[in-house]
Amino acid sequence: MKEKIKKVVPFILTITATLCVGFILVAFLLRPQVLDIGTVDLNTIADGEYIGVCQNKILFAVVKVEIQNHKIIGIEVVEHKASYMEQAEQIAGAVCSEQSLEVDAISGATLTSDTVLKAIENALVDGASLSDRK
């Protein structure tokens, strides 16, 4: 009986170690990354509503940015992970208040902040390119 246990223990330890390494690898691969947030000149954007999307591995944000007279008059977070929606809306509100993408990230939600900021930037960049075509 002791011989069977001696043979099974290394097998169980190997399986456990393999599962732990697998979980760590998956967690590392799915971890959102810090994004580079650029600047956008609001004077280049025509009035209208623009949709911006950002996929940052497991984080996903969709925003609708409304521009009027070259000012951001509203940002709606259309889609985001429910557990971080409050932080996403805080960032959107800060961008609207500051009229700039250069706002401080929400403490404890830096990756969520970056994802929402990038979605807003994408909406504004799309708005600027649409304005160029007119």
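Here are some questions and answers about the predicted model shown above.

Reader: Happy to start with the basics: which pattern does the chain follow along the sequence?
Author: Good place to begin. The chain holds three helices and three strands. Read from its start, the order of these elements is α-β-β-β-α-α.

Reader: What radius of gyration does the chain have, set beside a compact globule of 134 residues?
Author: Let's look at the overall extent before the radius. Along its principal axes, the C-alpha trace spans about 80 × 30 × 20 Å. A compact globule of 134 residues would come out near 14 Å, but the radius of gyration of this chain is 22 Å.

Reader: What share of the residues in the chain is buried?
Author: A residue counts as buried when its relative accessible area is under 20%. The accessible surface of the chain comes to about 8700 Å², and carbon and sulfur atoms hold 58% of that surface. Of the 134 residues, the buried share is 31%.

Reader: Among contacts with a separation of 6 or more, what percentage joins residues 24 or more positions apart?
Author: Here the count takes in contacts in the chain with a separation of 6 or more. Within that set, the part from residues 24 or more positions apart is 53%.

Reader: Turning to charge, how far apart do the centres of the positive and negative side chains lie?
Author: The chain carries 12 positive side chains and 17 negative ones. Taking the centre of each set, the distance between the two is 21 Å.

Reader: Which residue forms a salt bridge with E76?
Author: A salt bridge needs a side-chain nitrogen of Lys or Arg within 4 Å of a carboxyl oxygen of Asp or Glu, and the chain has two such pairs. In the pair with E76, the closest N and O atoms are 3.5 Å apart. This pair links distant parts of the chain, with E76 in strand β3 (residues 71-79) and its partner 12 residues away in strand β2 (residues 59-68). The partner is K64.

Reader: Are E76 and K64 buried, exposed or partly exposed?
Author: Partly exposed means between the 20% and 50% cut-offs. E76 has a relative accessible area of 41%, and K64 has 27%. Both values fall in that range, so E76 and K64 are partly exposed.

Reader: And for the pair K118 and E121, how many helical turns separate the two residues?
Author: K118 forms a salt bridge with E121, with the closest N and O atoms 3.1 Å apart. E121 counts as buried, at 9% relative accessibility. Both residues sit in helix α3 (residues 110-133), and because they are three residues apart there, the separation is about one helical turn.

Definitions and conventions: Residues numbered from 1 in each chain as written. Predicted model: local features only at pLDDT ≥ 70, side-chain atom pairs only at ≥ 80, totals over all residues. Heavy atoms only, no water. Helix = DSSP H or I, 4+ residues; strand = E, 2+ residues; numbered from the N terminus. Rg over C-alpha atoms; globule rule 2.2 N^0.38 Å. Buried < 20%, exposed > 50% of the residue type's maximum accessible area, 1.4 Å probe, protein only. Contact = heavy atoms within 4.5 Å. Areas by Shrake-Rupley, 256 points an atom, 1.4 Å probe, with all protein chains shown as cover. Lys, Arg positive; Asp, Glu negative; His and termini not counted. Charge placed at Lys NZ, Arg CZ, Asp CG, Glu CD.
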